[in-house]
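Visitor: Please take a close look at one part of this model for me. I would like to start at the ligand site and work outward from there.

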Amino acid sequence: MIEVVGLSKRFGTHAAVSELSLRVEPGTIYGFLGPNGAGKTTTVKLLTGLLRPSAGRALVCGFDVVASAVEAKSRLGLVPDEPFVYPKLTGAEFLRLTGDLYGIPLATQRRRIPELLEMFELSHFAGELLETYSHGMRQKVVLASVILHEPKALLLDEPLVGLDPKSARMAKEIFRTMAARGCAIFMCTHVLEIAERICDRIGIILGGRLIAEGTLDELRRRGKGAALEDIFLELTGGVEYAELLKNL
Ligand SMILES: Nc1ncnc2c1ncn2[C@@H]1O[C@H](COP(=O)(O)OP(=O)(O)OP(=O)(O)O)[C@@H](O)[C@H]1O
Ligand SMILES: [Mg+2]
């Protein structure tokens, strides 16, 4: 379970995240939407302990990510906006490293790693250095690594960027399966169709503040039955460019 209580982060005088409070229950996917620069990635970094909050706190399975960092992180999986991997490791070595870091038994790793590489069509590249992988291939290795260690809480920052349609479909199904097994998933995305399709709850952040939250149906009722795209643009002021377009 993921819980955020009065979380704030300032960079100098700029408030990137302001008094954010939300919960992601086990078995659910929470879609976190917002325009560029709204504070989504900053929230993810606060949830992982990569950034220290200016105020408030973030909890993973009840563990404060600052005060009980190891307990929190051992239960957490992260797919960051940029697929960070060690360039001088091979795909198989990266998965072994992840497995060892999370204490996955060797016998399980020996069985699961080839399966995961096969699933993401990376078997042929398992022995190649990650620096030779394409962006999408690196993204798939990172996804395979979080499936390998089966976190109780999963943070996804634009997880489908760069994936081909087949891999994207598979990733969506994997997220739903992980949720069905009790994982709490927090996903930042700009792809509203994905939010509509796989998220149980949706939060919209603007200028660091949560401005709307609810199930898709609740948001639709607020938006008088409109599509999520219309509700999003209405709430975030995204329709103001119409005047500018006239002058093109
Ligand atoms: N390390 C930093 N130092 C200073 N300002 C930062 C830093 N990181 C983020 N910011 C600022 O915080 C705000 C929120 O950035 P953030 O990366 O969280 O946005 P985002 O919602 O993830 O946007 P995008 O949709 O483009 O990924 C922006 O104004 C950004 O300039
Ligand atoms: Mg971001």
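Guide: What follows goes from the ligand shell to the sheet and then to the helix contacts.

This is a predicted model, in which local features need pLDDT of at least 70, side-chain atom pairs count only at pLDDT 80 or more, and totals for chains, interfaces and linings use all residues. Residues are numbered from 1 along each chain as its sequence is written, and chains are lettered from A and ligands numbered from 1 in the order in which they are written.

Start with the shell. Ligand 1 is surrounded by Phe11, Ala16, Gly34, Asn36, Gly37, Ala38, Gly39, Lys40, Thr41 and Thr42. A residue is near a molecule if its C-beta atom, placed from the backbone, lies within 6 Å of it. By class, this shell has 3 nonpolar, 6 polar and 1 charged residues. Here Ala, Val, Leu, Ile, Met, Phe, Trp, Tyr, Cys and Pro count as nonpolar, Asp, Glu, Lys and Arg as charged, and the others, Gly among them, as polar.

Helix 1 (residues 40-48) gives the most to the shell, with 3 residues. Helices (H or I, at least four residues) and strands (E, at least two) are DSSP runs, numbered from the N terminus. Of the 9 residues in helix 1, 8 are buried. Buried means 20 or more other C-beta atoms within 10 Å of the residue's own; exposed means 12 or fewer, partly exposed lies in between, and C-beta atoms are placed from the backbone. The buried residues of helix 1 are Lys40, Thr42, Thr43, Val44, Lys45, Leu46, Leu47 and Thr48. Just after helix 1, Gly49 has a positive phi of about 85°.

Now the sheet. It is open, with 6 strands in the order 6-7-8-3-9-10 and mixed pairing. Strand 6 (76-79) and strand 10 (209-214) are the edges, each pairing on one side only. Two strands pair if DSSP finds at least two bridges between them. Strand 3 (residues 29-33) runs parallel to strand 9 (residues 201-206), with 4 bridges. Leu33 stands opposite Ile204 of strand 9.

Strand 6 also pairs in the parallel sense with strand 7, over 4 bridges. Leu78 has Leu155 in strand 7 as its bridge partner. In a regular strand the side chains alternate between the two faces of the sheet. In strand 6, Leu76 and Leu78 point one way, Gly77 and Val79 the other, and all are buried.

Helices cover this sheet. Helix 6 (residues 165-180) lies across strand 3, strand 7 (153-157) and strand 8 (184-188), at about 145° to strand 8. Helix 9 (residues 228-236) touches strand 3, strand 9 and strand 10, and makes about 30° with strand 9. Axes are lines fitted to C-alpha atoms, for helices over the stretch in contact, and angles run from 0 to 180 degrees between N-to-C directions.

Last, a helix pair. The axes of helix 4 (residues 106-119) and helix 5 (residues 135-149) come within 10 Å and cross at roughly 145°. Arg112, Ile113, Leu116 and Leu117 of helix 4 meet Ala144, Ile147 and Leu148 of helix 5. Contact means that C-beta atoms, placed from the backbone, lie within 7 Å. This contact has 6 nonpolar, no polar and 1 charged residues.

Terms used
Two residues are in contact if their C-beta atoms, placed from the backbone, lie within 7 Å.
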